[in-house]
Amino acid sequence: MRIEELYIGCFGKIEDRSIQFEPGFNVIYGENEAGKTTIQVFIKAMLYGLYARKKSIRENERNRYLPWSGERAFGTLTFTEHDGTRYLIKRSFGAQKRQDEQVVLDCITGQEAVHIDFEKPGETILGIGEEGFEKTICIKQLSSQISSGKEDEIMQRLTNLQQTGDEDISYQKAVKTLLESKRKLENQRKTGRLDELRICRERLREERKEAEQRHEEMIEGEILLKEWEAQKSALLQQIKGLEETKERIRKYKLYQEYKKLTDCQQKIHELNEEKKQLEQFLMRNGEIIQESFLSELQDKHSYMLQLKKENDALKIDQQKLEEAIAEKQEALKSLEAYKDLGEDEVDTLLTYHHENKVLQERLEQIFKNEEELQELEKQLLEEEKKLQEICAAKEVEKDLEMRVYQARDRLRTLKSEHAGEDVQKQSLLLKKEMLESKAKGVFIQIAIGIMIALVGGIAGWLQHPLFYGLSAIAILWCLMTFHKKGKIGEEIKEVEEGLQRYEKDDLVEEEIEKLTQFLDQAYQVFGAKDFETFQKRAEAYRQEEKDLIQFRTKIEAKRAQRDEKEIERIQEKLYQQAEYIENILETCACRSVEEFLECRKNYTQLLLEKNNLEKQKEDLFIKRAEKQKELEESEQKMMEGLEGLNIAADAAQDLQEILKQLSEKMARKKEIENEIDSLTEVYRAVLKDREEASIQKELEDFIPQESDVTLGDEKDIDRIFQQKHEELFALQDRIHELAHGIQKKEQEGKSVAQLEEELSEVNEEIQYGERRIQVINAALEGLEDAFKEIQKDFGPKLNQKTGEILGRITGGKYTDLRISEDYQVRITDPVQKEMREADYFSNGTWDQIYFALRLGIAQMIFEKEKRPFLLLDDAFVQYDDRRLEAAWEYLHVYAKEHQVLLFTCHERDVQKAKQYDGTNLILL
């Protein structure tokens, strides 16, 4: 599959944007927030839809990339299959998945491509799901590593290819078939055949239990029916006795009501007499006073008491103010000195006080400067003494140190060359000695060879001709030794010629002697014996010279700051100001300016507080006079209101007691009126709509007895009577229902024998189903074990593929690796020749390893001619320049046969794109 064009109508922040891709290498460059990630998610959404199962906005792609305006997201993706057929995926996305619309069209015919899954076309086109897509051909920034598990889609496809050569013939399909058979027998929803049989078995067991219970209940019902008939006869007798008791209670109750009527009449008469007496007491000017009059009197009295209380409080406040004013006046007597002191004098005092501090600080600075000057002059003498100790000469040439360095370097060079020549000469002498020793050895070998040749010749002549061969070999040996002797002679000659070149040079010796004398004289200037001591003392001399210059500069600066007359001026001014300040402090009896300011502040505060208190006293006096007048007027109105009341003359002065008596009498009058009304209501309620004479007539033949009291209430009797009737009716219903139930139980349900037979048949079928479940479980376990074994077989192929790719992008540095079932990688370290986990290597190498693993998996899963595009999102962010160059070289070759989409925000990838021909650069 190769992507040709994207049209993003509205997706995330991108609107109305078309992007064309070339068949080979495509580089999409844009800065952060330019829309690179949005385009990648758009491609995945076109192939697999939008993920929306997470609450987090960053993980919920639907919420994240739908337009904020509430509109739908939509767009198209045009792609070409390996056989050249072009298709168009057209999709739009709503707030929920059910609102999505999607279609896949053939670009030639315009017809819908029904063979492609329109909801997840990526699964049909690429042959992998969304998870497999993100684990193989989609490589994101810092996300090269792959995780796996038993249900991993990639692992399943690799396993199927290894097992059968066909990725569609899978362990999963076999497992799915077995699980489907198992679900038909039993499942969590309890809808399988075995589940239904178990439910049927429980139902039959319940029916058998119910049949046994019905038989027992029929026997118990016959016994209970006889007991209920006896209870019915007893209830009828009780109901008759209750009717007689009820009539007796009714007449006794009527007797009590008649008695209550006569009692109410007597009580009402007594209360009316008491009411007349109270009304006589509450008369004022011939009329009975009302509650409003009494309430008004009470309000006036409460107001009068409140005024009196406020007047007393004002009197107390006035006394307190007078006492406070006296205290302030007494406190001001001790500060009378501030009374005649003007503001100008205070300002002058403060100014002098401040200037005094400044002048004192200046005087201290002058004295300190003099002390520092003396100390610097003392240190200058010490530094001059140190300089004399370092250098014997009064003056040292400026370039002496440089000349010493040059002479020392020249001397070392001459000695080194001279020493080197001596070494070479000794080497040649040693070589000459060795060659002469070898020449002696050759002479000995020649003599031995001649002797062997002579012996061989004599033995051949005297004993056997074979000894002539020994003589021939000895002669050949002598010839070879003569040749070797000639080479040794030539080497000795060359050594002697070399020795002639190393004769002693008198000029070099003379220069070395002069340089040595110069250095000894220079060392004596600083009292040094060698160069290292000279160097240290010369450096110390330079540092001391710098210190002396600094000390002299500081001394000159301090002397420039001297002013002899300034001290006299400062002291004179200090004396004048101190005299003025002392006079003021003596007048105010203060020991310091701070104490003076504090006392003056207290004086001002006390004076202000005293004035405020006097003002409050005047205001309080006026307010108290007004309250007193208001109190007198209130008392006058109260006395006017009491005129005309029938109250004894000796009680007229106690207003509180008068109001209390009036209130109590009025309350009692109202209470009596309420009692009369209540008794009247009771009388009417008891009488109801009857006449008293008719009640009296009805009770003519009734004679109350003591036992009537214990008969109880009529309502209780009615309740018992009603209860007995209800019990009777209920008992009759139960008798009828029980008789009917016994008859019905004889007719309903299956027999116990029938239920036992059906239960036996169901148990046999359940046992057969459970045996089938056991067989299916055993098959699943066998498939699981086989699956684990097969997973191990494709490992070598994946190791080889991944190792080839890793070797190409690392320049052959890493080629040997092993990949586990969960995609963990171990790789051979070329330095230590040991295999280690990928996590031990650098981040860049780690990224390269898992990048190669993804490409290796993709090459195993997809056929070469069907291999889809490769999508990279800043996958080389941790690569250095060397790694990046290797990755680009590999991808450039890879892109010649397969499409590559590289998304990046790095300028260096843009520069690489410009270096490689045929790269399509897209700028966002």
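1. A residue counts as buried here when its relative accessible area is under 20%, and as exposed when that area is over 50%. Keep that in mind for the helix below, and bear in mind too that this is a predicted model.

2. Let's start with helix H23, which covers residues 907–915. Which of its residues are buried? Asp909, Val910, Lys912 and Ala913 are. Looking down the axis of H23, you'll find these buried residues within an arc of 160 degrees, so they line one face of the helix.

3. Now turn H23 around. The face pointing away from the buried side carries Lys914 and Gln915, both exposed. As for what lies over the buried residues of H23, the cover includes the strands E3, E14 (900–904) and E15, along with helix H22.

4. Those three strands also turn up together in a sheet. It is an open one with five strands, paired in parallel, and the order runs E7-E13-E14-E3-E15. Which strands sit at the edges? They are E7 (138–139) and E15 (920–923), each of which pairs on one side only.

5. It's worth zooming in on the E15 end of the sheet. Strand E3 takes in residues 25–29 and pairs with E15 in the parallel sense, over four bridges. For a concrete place to look, try Asn26, whose bridge partner in E15 is Asn920.

6. On to the cavities. How many are there of 30 Å³ or more? The count comes to two. The largest has a volume of about 40 Å³, and the second largest has about 30 Å³.

7. The largest cavity is lined by Thr810, Lys813, Tyr814, Thr845, Gln848, Arg882 and Arg883. Helix H21 (843–861) and helix H22 (881–894) are the elements that give two or more residues to this lining. By type, the lining residues split into three charged, three polar and one nonpolar. H22 is a handy landmark, as this helix is also part of what covers the buried residues of H23.

8. What lines the second largest cavity? Asp874, Ala875, Phe876, Val877, Leu902, Thr904, His906 and Asp909 do. Four of the lining residues are nonpolar, two are polar and two are charged. Asp909 brings us back to where we began: this residue of the lining is also one of the buried residues of H23.

Terms used: Residues numbered from 1 in each chain as written. Predicted model: local features only at pLDDT ≥ 70, side-chain atom pairs only at ≥ 80, totals over all residues. Heavy atoms only, no water. Pairing = 2+ DSSP bridges. 1 Å grid on protein atoms, 1.4 Å probe; cavity = no way out; pocket = protein on both sides within 12 Å on 5 of 7 lines; lining within 4 Å. Points joined across faces, edges and corners; volume = space filled by probe spheres on them. Nonpolar A, V, L, I, M, F, W, Y, C, P; charged D, E, K, R; others polar. Buried < 20%, exposed > 50% of the residue type's maximum accessible area, 1.4 Å probe, protein only. Arc of directions from axis to C-beta. Contact = heavy atoms within 4.5 Å.
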